[in-house]
Amino acid sequence: MKQTTHPPDHRSAGVRNGAALAAPTPARSRKRRRPTSTQWAAWGFLAPVTVYLALFYAYPLYRNLDLSLRNYTVRSFVQGDAPFTGLDNYQKVFDDPTFAPALLHTAVFTAVCLVFQYAIGLALAVFFHQHFRLSATLRALFLVPWLLPLIVSASTWSWMLNSDSGIVNATLHAVGIGPVNWLTSPSWSLISVIIANIWIGVPFNLVVLHSGLQSIPAGLYEAAALDGAGAWRRFWSITFPLLRPVSAITLLLGLVYTLKVFDIIWIMTKGGPVDSSTTFATWSYQLGFGNLLPAFGPGAAVGNLLVVAALVFGLVYLRVQRKQALS
């Protein structure tokens, strides 16, 4: 009997049986990948930073936001049963007659300090970039105001600007100028704390800008000198443009620091007289801790306004840096 031969069927067994069965998943792919030693090491290094940021940054910010949204008293601050009031504390701050002067003083204090700290720091950085004899020693001496504790610096300036026994008025008297009530006059109190803060902030600008000058190739200056460019021309065409990234981060850090300056102002003038040197930083402290009946909510609201201002400037800086990187 003749047998009929059929061509081999190349289809899979699942198709031959009438069902399209999915290929079985390999056992190795079903197993979960275990973290490698490198990943464990990365998590180990990241954990302390995460815990630190959570405890000392995230939690205080959360507590400050909670304070600003509730009506806290001394009793409720301890027991934790303060009623929720929404944005009432912010409305109280905006309606307070101290808000407008404090806002103006904060803006003037921050702007003037930033301009003079940066200008003087840049001038000193260019001066010490010449590498003359004793330049390193003199540069180290300029760091002294930055290294001193703020309470020491503020107390020193309070003594120097004292109306009766201060060395500044004694010097003015020696040249025939009458005494100035630096710390007790509404016209001079803000100027006094600005001068003190400029003196404290110049070393930081000097150090950062001097380090930025080190990264500028010396060949650019030599080529410009061969082309006949003078000192001012070399500064405006080479030094200043190439220092823009360093200048931007210097000004941003200086802005954030100056916005929250409290020690200098409080030790020298306590925001007075008659709120003539009150800023948001001192006003926030005065509301929360400077009275027999503390206003924790409004004080926290003022502090949050400072946080928002610093955050806005930080976002603006990041946006500008991104545009410069893309251009």
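**Stop 1: two helices that meet**

Start by selecting Thr 106, Phe 109, Thr 110, Cys 113, Leu 114, Gln 117 and Tyr 118 in helix α6 of this predicted model. Then add Ser 247, Leu 251, Gly 254, Leu 255, Thr 258 and Leu 259 in α14, the residues that the α6 group meets. Which classes of residue do you find where α6 and α14 touch? The contact has 7 nonpolar and 6 polar residues, and no charged ones.

Now show both helices whole: α6 covers residues 99–128, and α14 covers residues 244–259. Turn the view until you can follow both axes, which lie 10 Å apart. The packing angle is about 145°, and the crossing is right-handed.

**Stop 2: a patch on the surface**

Next, select Trp 40, Trp 43, Leu 46, Val 49, Val 51, Tyr 52, Leu 53, Leu 55, Phe 56 and Tyr 57, and switch on a surface display. These residues form a nonpolar patch on the surface. How much accessible area do they have together? The figure is about 1100 Å². To place the patch, pick out Leu 55, one of its members; Leu 55 sits in helix α3, which spans residues 37–68.

**Stop 3: a salt bridge in α3**

Stay with α3 and show the side chains of Arg 63 and Asp 66. Arg 63 and Asp 66 form a salt bridge, with 3.3 Å between their closest N and O atoms. Look along the helix: the two are about one helical turn apart, because 3 residues separate their positions in α3. The structure has 3 salt bridges in total.

**Stop 4: a loop with two surprises**

Finally, go to the loop between α15 (263–268) and α16 (280–289), where you will find Pro 273. Is the peptide bond from Gly 272 to Pro 273 cis or trans? This bond is cis, and its omega is near -5°. Now click on Val 274, which lies in that loop between α15 and α16 too. Val 274 is not a glycine, yet its phi is positive, near 55°. Most peptide bonds are trans, and most residues other than glycine have a negative phi.

Technical notes
Residues numbered from 1 in each chain as written. Predicted model: local features only at pLDDT ≥ 70, side-chain atom pairs only at ≥ 80, totals over all residues. Heavy atoms only, no water. Axes fitted to C-alpha atoms, helices over the stretch in contact; angles between N-to-C directions. Helix = DSSP H or I, 4+ residues; strand = E, 2+ residues; numbered from the N terminus. Left-handed = near helix turned anticlockwise from the far one by under 90°. Contact = heavy atoms within 4.5 Å. Nonpolar A, V, L, I, M, F, W, Y, C, P; charged D, E, K, R; others polar. Patch = residues over 30% accessible without salt bridge, like charges linked within 9 Å, V, L, I, M, F, W, Y side chains within 5 Å. Areas by Shrake-Rupley, 256 points an atom, 1.4 Å probe, with all protein chains shown as cover. Salt bridge = Lys/Arg side-chain N within 4 Å of Asp/Glu carboxyl O.
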